Amino acid sequence: MNPITATATGVRLVIHVQPRASKTEVVGRHGDAIKLRISAPPVDGAANAEVVRFLAEALRIPSRQVHLTHGDTSRRKTVEATGISVADATAALGV
């Protein structure tokens, strides 16, 4: 299964998060998800906010166009980004 799928308004990303990393970066694939190392701790939504900020920056879209839809308290998250194609998202994230 591809971790990046098309939606009516953009793309849906399946993410596996590793919090408290030394830096925030895309590592590659983790099964059927994209693995992100996140420098923020999983406390008070800090890791979720960092996921949204990092993805918006990597995809070159405003952070208001990136929404966490599932997995608020889980390492496995589903994120929707509007205004971007699957091809552009795949190229931007390098997966």
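User: Which residue in E6 is the bridge partner of Gly10?

Analyst: Gly10 has Thr82 as its bridge partner in E6. Please keep in mind throughout that this is a predicted model.

User: How many bridges join E2 to E6, and do the strands run parallel or antiparallel?

Analyst: E2 and E6 run antiparallel and are joined by 7 bridges. Strand E2 covers residues 10-18, and strand E6 covers residues 76-82.

User: Which sense, parallel or antiparallel, applies to the pairing of E1 with E2, and over how many bridges?

Analyst: Strand E1, residues 4-6, pairs with E2 in the antiparallel sense over 3 bridges. Within this pairing, Ala6 is opposite Val11 of E2. The two strands are connected as a hairpin through 3 residues.

User: How do E2 and E4 run, parallel or antiparallel, and how many bridges join them?

Analyst: E2 and E4 run parallel, joined by 4 bridges. Two residue pairs illustrate the register: His16 has Lys35 as its partner in E4, and Gln18 has Arg37 as its partner in E4.

User: What should one expect of the side chains along a regular strand?

Analyst: As a general idea, side chains in a regular strand alternate between the two faces of the sheet.

User: How many of the 9 residues of E2 are buried?

Analyst: Burial is read here as a relative accessible area under 20%. In E2, 7 of the 9 residues are buried, and the strand is therefore largely enclosed by the rest of the structure. Strand E4, residues 33-37, is mostly covered as well, with 4 of its 5 residues buried.

User: What links E3 and E4, and which residue in the turn has a positive phi?

Analyst: E3 and E4 form a hairpin with 2 residues between them, and Gly31 in the turn has a positive phi of about 65°. Strand E3, residues 25-30, pairs with E4 in the antiparallel sense over 5 bridges. One of the pairs places Val26 with Leu36 of E4.

User: Is Lys77 buried or exposed?

Analyst: The relative accessible area of Lys77 is 4%, and because the cut-off for burial is under 20%, Lys77 is buried. Lys77 belongs to strand E6.

User: Which residues does Lys77 touch, leaving aside those up to four places away in sequence?

Analyst: Lys77 touches Leu13, Val14, Ile15, Val17, Asn48, Leu68, His70, Gly71 and Asp72. Lys77 and Val17 are 60 residues apart along the chain, yet their C-alpha atoms are separated by 7.6 Å.

User: Where does the backbone oxygen of Gly71 lie with respect to the side chain of Lys77?

Analyst: The backbone oxygen of Gly71 lies 2.7 Å from a polar atom of the Lys77 side chain. For the backbone oxygen of Asp72, the separation from a polar atom of that side chain is 3.4 Å.

User: How many residues line the largest pocket, and which lie nearest its centre?

Analyst: The lining has 13 residues, and Pro42, Ala47, Asp72, Ser74 and Lys77 lie nearest the centre. The space in this pocket amounts to about 170 Å³.

User: Which helix gives the most to the lining of the largest pocket, and how many residues does it give?

Analyst: Helix H1, residues 46-59, gives the most, with 3 residues. By class, the lining comprises 6 nonpolar, 4 polar and 3 charged residues.

Methods:
Residues numbered from 1 in each chain as written. Predicted model: local features only at pLDDT ≥ 70, side-chain atom pairs only at ≥ 80, totals over all residues. Heavy atoms only, no water. 1 Å grid on protein atoms, 1.4 Å probe; cavity = no way out; pocket = protein on both sides within 12 Å on 5 of 7 lines; lining within 4 Å. Points joined across faces, edges and corners; volume = space filled by probe spheres on them. Nonpolar A, V, L, I, M, F, W, Y, C, P; charged D, E, K, R; others polar. Buried < 20%, exposed > 50% of the residue type's maximum accessible area, 1.4 Å probe, protein only. Pairing = 2+ DSSP bridges. Contact = heavy atoms within 4.5 Å. Polar contact = N/O pair within 3.5 Å; in protein donor to acceptor, adjacent residues only side chain to side chain.
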